[in-house]
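Colleague: I'm new to this one and would like to know what stands behind the labels people put on it. Could you show it to me first?

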Amino acid sequence: MRKSLVPEAKEALNRFKMEAAGEVGVNLKQGYNGDLTAKQAGSIGGQMVKKLIQNAENSMK
């Protein structure tokens, strides 16, 4: 298992993931979500990247 560089960020990242999942219409459960399709998981990750890029672009203005 990977060790987080900033353990305090784990909860914030989980909230971010849940928010992104809600935005793309994927219902995540707390804990194990191995029943997701690759398309669903990819859409969550894609939404997270999209939001991170938007935040970075906004901070450069």
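Below, the labels are taken up one after another.

Modeller: Before anything else, this is a predicted model, in which local features need pLDDT of at least 70 and side-chain atom pairs count only at pLDDT 80 or more, while totals for chains, interfaces and linings use all residues. Residues are numbered from 1 along each chain as its sequence is written, and side-chain values use heavy atoms, with hydrogens and water left out.

Colleague: Fine. How many helices and strands are there in the protein?

Modeller: Two helices and zero strands. Both words refer to DSSP runs, numbered from the N terminus: a helix is H or I over at least four residues, a strand is E over at least two. The C-alpha atoms fill a box of roughly 40 × 25 × 15 Å along the principal axes.

Colleague: What span should helix H1 have, and what does it have?

Modeller: H1 covers residues 10–23, which is 14 residues. The expected span of a helix is 1.5 Å times one less than its number of residues. That should give 20 Å for H1, and its end C-alpha atoms are 20 Å apart, so the two agree. H2 works out well too: it has 22 residues and reaches 32 Å from its first C-alpha to its last, close to the 32 Å expected. Just after H1 comes Gly25, whose phi is positive, near 80 degrees.

Colleague: Why is Lys51 called buried or exposed?

Modeller: The cut-offs are these: buried is under 20% relative accessible area, exposed is over 50%, and partly exposed is in between, using a 1.4 Å probe and protein chains only. Lys51 has a relative accessible area of 17%, so it is buried. This lysine lies in helix H2, residues 38–59. Leaving aside its neighbours within four places in sequence, Lys51 is in contact (heavy atoms within 4.5 Å) with Phe16, Glu19 and Glu23.

Colleague: And Lys39, what makes that one buried or exposed?

Modeller: Its relative accessible area is 73%, so Lys39 counts as exposed. Lys39 is in helix H2 as well, on the face turned away from the buried side, along with Ala38.

Colleague: Where does Ala41 fall, then?

Modeller: Ala41 has a relative accessible area of 40%, so the label is partly exposed. Ala41 lies in helix H2, and its C-alpha is 8.6 Å from that of Ala21, although the two are 20 residues apart in sequence.

Colleague: Why does Asn33 get its label?

Modeller: At 18% relative accessibility, Asn33 counts as buried. Asn33 sits in the loop between H1 and H2. A polar atom of its side chain lies 2.8 Å from the backbone oxygen of Lys29.

Colleague: How do you know that the buried residues of H1 line one face?

Modeller: They are Phe16, Ala20 and Ala21. Seen down the axis of H1, they fall within an arc of 135 degrees (the arc of the directions from the helix axis to the C-beta atoms), so they line one face of the helix. The face turned away from them carries the exposed residues Arg15 and Gly22.

Colleague: What puts the buried residues of H2 on the same side?

Modeller: Those are Ile44, Gln47, Met48 and Lys51. They cover an arc of only 95 degrees around the axis, which puts them on the same side of H2. The buried residues of H2 pack against H1, and the buried residues of H1 pack against H2.

Colleague: Which residues make up the largest nonpolar core?

Modeller: A nonpolar core is a set of buried Ala, Val, Leu, Ile, Met, Phe, Trp, Tyr and Cys residues joined through side-chain atoms within 4.5 Å. The largest one here has seven: Phe16, Ala20, Ala21, Val26, Leu28, Ile44 and Met48. H1 and H2 each supply at least two of them, and the largest share, three residues, comes from H1. Setting aside neighbours within four places in sequence, Ile44 is in contact with several residues, including Ala20, Ala21, Val26 and Leu28.

Colleague: How much of the whole protein is buried?

Modeller: Buried residues make up 16% of the 61 residues. The protein exposes about 5200 Å², with carbon and sulfur atoms supplying 57% of that; such areas come from the Shrake-Rupley method with a 1.4 Å probe, and for residues only the protein chains shown count as cover.

Technical notes:
Polar contact = N/O pair within 3.5 Å; in protein donor to acceptor, adjacent residues only side chain to side chain.
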